[in-house]
Amino acid sequence: MHIDSYFSLSNCDAEEAEYLIYGIPYDATQSFKPGSRFAPNAIREASWNLESYSNLFDVELSLVKVGDAGNINCDGGFEQIVERTKEFLGEVEGFPVAIGGEHSISFAATSKFRKACFVVFDAHFDLRDKFDGDRFNHACTTRRIFESGMRVAIFGVRSGIKEEKRFAEENGIKYLHAWDFEVEKAVKMVEDFDKIYVSLDVDAFDPAFAPGVSTPEPFGLKPMDFIRFFAGIADRVVGFDVVEVVPDSNKVTQTLAAKIILEAIAAKVRCDIPK
């Protein structure tokens with residue numbers, strides 16, 4: 001099997017792509033297990049073990065124009081990474097799929113979509129104002145995105161300090177704990193949003209499904225719950241990212257991430273197939 005640095009679905013140049021994958025290999029603020037900077041290429045490598053046909057959505061993805069633009073240059077400070085990502089997205093015509101990197105990269109990846117709703121699957125609120133003295137720490141991501149003007153819904157949360165929960169409730173941020181999550185309920189909670197950006201922090205899943213994450217948290221969601229939710233709103237999704245994977249030696253987590261990217265693209269394609 002030939003494995004290179006591109007996602008296995010990649011079959012065209014970035015300029016022609018209807019769906020464009022790109023990596024942001026940044027993990028400067030991870031507070032427990034570092035290593036998500038290695039995830040973009042590890043997820044690409046894992047993708048070569050997967051078929052291009054989605055049994056779930058009956059879509060042959062080799063017939064879809066999918067490109068891989070490679071990785072954003074992550075040298076320098078976070079502000080520089082945000083600017084590079086913003087410049088890159090300004091030239092993107094297709095549907096963007098970002099691969100992190102830690103969750104702070106979502107602030108950069110959403111820069112083109114400030115009028116959309118930020119729907120995030122995450123074990124943590126990520127609503128701290130600062131963590132370790134840094135306002136752009138990965139524990140502050142959803143707070144910064146909310147402050148940028150995006151409406152926010154958080155699904156799968158089961159960890160955070162009381163002040164974060166209070167901030168969510170006082171500011172009208174919708175959320176469901178992992179133990180309250182139901183696909184239909186979550187879809188209904190975002191039914192009023194015509195444009196949705198979806199961010200998947202893979203620690204939203206129980207560590208049994210995704211052991212290779214920066215901050216694993218027990219009692220999490222099942223991957224199929226996420227896929228069913230995504231399928232239920234796919235026609236309104238304008239961008240997508242997968243973050244916080246720390247590649248594990250058995251390649252379990254990076255393979256799950258690659259499969260989710262494949263199925264998310266298939267769900268989007270399925271929306272465009274005439275009924």
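At what angle do the axes of helix H1 and H8 cross? Select H1 (residues 39-47) and H8: their axes come within 8 Å and cross at roughly 75°. Axes here are lines fitted to C-alpha atoms, for helices over the stretch in contact, and angles run from 0 to 180 degrees between N-to-C directions. Helices are DSSP runs (H or I, at least four residues), numbered from the N terminus. H1 and H8 are therefore roughly perpendicular (65 to 115 degrees) to each other.

This is a predicted model, in which local features need pLDDT of at least 70, side-chain atom pairs count only at pLDDT 80 or more, and totals for chains, interfaces and linings use all residues. Residues are numbered from 1 along each chain as its sequence is written, and side-chain values use heavy atoms, with hydrogens and water left out.

Next, show Ala42, Ile43, Ala46 and Ser47 of H1 with Gln254, Thr255, Ala257, Ala258 and Ile261 of H8, which make the contact (heavy atoms within 4.5 Å).

Keep H8 (residues 252-271) and add helix H7 (residues 223-233): the two pack at an angle of about 20°, with axes 9 Å apart. That makes H7 roughly parallel (under 35 degrees) to H8. On the H7 side, select Pro223, Phe226, Ile227, Phe230 and Ala231; they meet Leu256, Ile260, Glu263, Ala264, Ala267 and Lys268 in H8.

Which residues are the closest to the centre of the largest pocket? Select Ser31, His124, Asp126, Arg128 and Ala139, from the 15 that line the largest pocket. A pocket is an open set of points on a 1 Å grid over the protein atoms alone, where a 1.4 Å probe fits, with protein on both sides within 12 Å along at least five of seven lines; lining residues have an atom within 4 Å of a point.

Definitions and conventions:
Parallel < 35°, antiparallel > 145°, perpendicular 65-115°, else oblique.
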